[in-house]
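Hi,

Here is the structure I promised to pass on. Have a look at it first, and my notes follow underneath.

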Amino acid sequence: MPGISKAFSPILDRIRPGLLLAAFLLVLPALVACGDDDSGDGGTLTVFAAASLTSSFNELGEAFEDANEGVTVEFNFAGSQALATQLAEGASADVFASANLTQMGRVVEADLVDGEPVIFAQNRLAILVPAGNPANVQSILDLGDPDLKLVLAAEDVPVGRYAREVLAIAEQSAEFQNRNPEFTDFNVVSNETNVLQVVTRVRLGEADAGIVYETDVTPDVVGEVTLIPIPPEFNVIADYPIAALSDGDTDLALSFIEFVRSSEGRQILADWGFLPVEPE
């Protein structure tokens with residue numbers, strides 16, 4: 001066998017350069033593709049997020065893009081119940097951020113989540129009134145006035161459910177009952193599909209008051225509405241869970257979630273009025 005190898009050696013020496021060239025030409029497209037990836041072709045991240053996260057997540061998305069060359073973040077903002085329904089009906093996304101555990105639970109039960117959801121932020125409820133406060137609402141005790149037009153989100157919307165919890169707590173208090181001795185029910189004139197629509201109704205003067213999150217007076221509505229705090233004994237804390245979705249880009253989704261929970265992400269959330277949650 002050594003003799004055979006020696007006999008073929010001159011032939012191999014002649015064809016070896018050609019083989020090397022052919023091999024190089026075969027791997028060249030892959031090398032070019034790798035070069036394109038290094039230039040920042042990071043893909044698109046699709047995030048379904050609660051409407052109340054619009055301003056904070058837009059800023060988080062821009063910061064994430066800045067930190068990840070080539071990545072584009074696209075958002076679908078709506079009521080959490082609408083987003084959960086869209087996902088259950090086959091909509092494709094990489095990340096879901098809900099304004100309560102109930103709607104996240106629907107997505108988990110549909111086996112659409114990769115891993116475990118985590119709480120990344122919290123929020124409080126507040127009363128919203130139009131500029132000038134024409135109905136002279138001073139506290140949650142005033143919402144029992146039968147002539148006061150109150151707008152809420154619908155019961156299946158997280159902020160609508162939270163609002164009704166707040167009102168139920170207030171209704172049972174001695175202070176409320178003393179203020180409203182003939183109270184029968186709140187005068188809810190509209191049930192909206194997300195919190196931003198509640199803000200719009202109040203801003204346009206179509207209601208005397210609404211119940212929203214403390215974070216909902218953003219720069220674009222400052223001067224048109226006023227927030228009235230709800231005391232802690234009547235208030236509730238809203239939990240915001242986030243999760244990667246099983247049919248999405250898991251690595252990119254987890255990277256975004258990690259960024260949201262990072263010190264930079266928590267600071268952005270705090271700047272928009274949220275109560276950031278420290279990672280465990």
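How many nonpolar, polar and charged residues are there in the lining of the largest pocket? Before I get to that, please keep in mind that this is a predicted model. The split is six nonpolar, seven polar and three charged.

A bit more on that pocket. Its volume comes to about 220 Å³, and 16 residues line it. If you want to find the middle of it on your screen, look for S55, L196, D216, T218 and D220, which lie nearest its centre. Two elements give two or more residues to the lining, namely α2 (54–67) and α7 (195–203). Of the elements, α7 gives the most, with four residues.

There is also a closed-off space to look at. The count comes to one cavity of 30 Å³ or more, and the space in the largest cavity is about 60 Å³. Its lining is made up of A50, A51, S52, G79, S80, A99, V157, P158, V159, N194, V195 and Y213. By class that gives eight nonpolar and four polar residues, with no charged ones.

S80 from that list turns up again in a helix pair. Helix α3 (residues 80–88) and helix α4 (residues 101–109) have axes that come within 9 Å and cross at roughly 5°. Angles under 35 degrees count as roughly parallel, so α3 and α4 are roughly parallel to each other. On the α3 side the contact is made by S80, Q81, A84, T85 and L87, and on the α4 side by Q103, R106 and V107. Sorted by class, the residues of this contact are three nonpolar, four polar and one charged.

Last one: L150, which sits in strand β5 (residues 150–153). Is it buried or exposed? L150 counts as buried because its relative accessibility is 1%, and the cut-off for buried is under 20%. Leaving aside residues up to four places away in sequence, L150 touches L143, L167, F186, N187, V188, V189, S190, A209 and G210. Take V188 from that set: L150 and V188 are 38 residues apart in sequence, but their C-alpha atoms are 4.7 Å apart in space.

That's what I have for now. Shout if you'd like to go through any of it together.

Cheers

Note on methods: Residues numbered from 1 in each chain as written. Predicted model: local features only at pLDDT ≥ 70, side-chain atom pairs only at ≥ 80, totals over all residues. Heavy atoms only, no water. 1 Å grid on protein atoms, 1.4 Å probe; cavity = no way out; pocket = protein on both sides within 12 Å on 5 of 7 lines; lining within 4 Å. Points joined across faces, edges and corners; volume = space filled by probe spheres on them. Nonpolar A, V, L, I, M, F, W, Y, C, P; charged D, E, K, R; others polar. Axes fitted to C-alpha atoms, helices over the stretch in contact; angles between N-to-C directions. Parallel < 35°, antiparallel > 145°, perpendicular 65-115°, else oblique. Contact = heavy atoms within 4.5 Å. Buried < 20%, exposed > 50% of the residue type's maximum accessible area, 1.4 Å probe, protein only.
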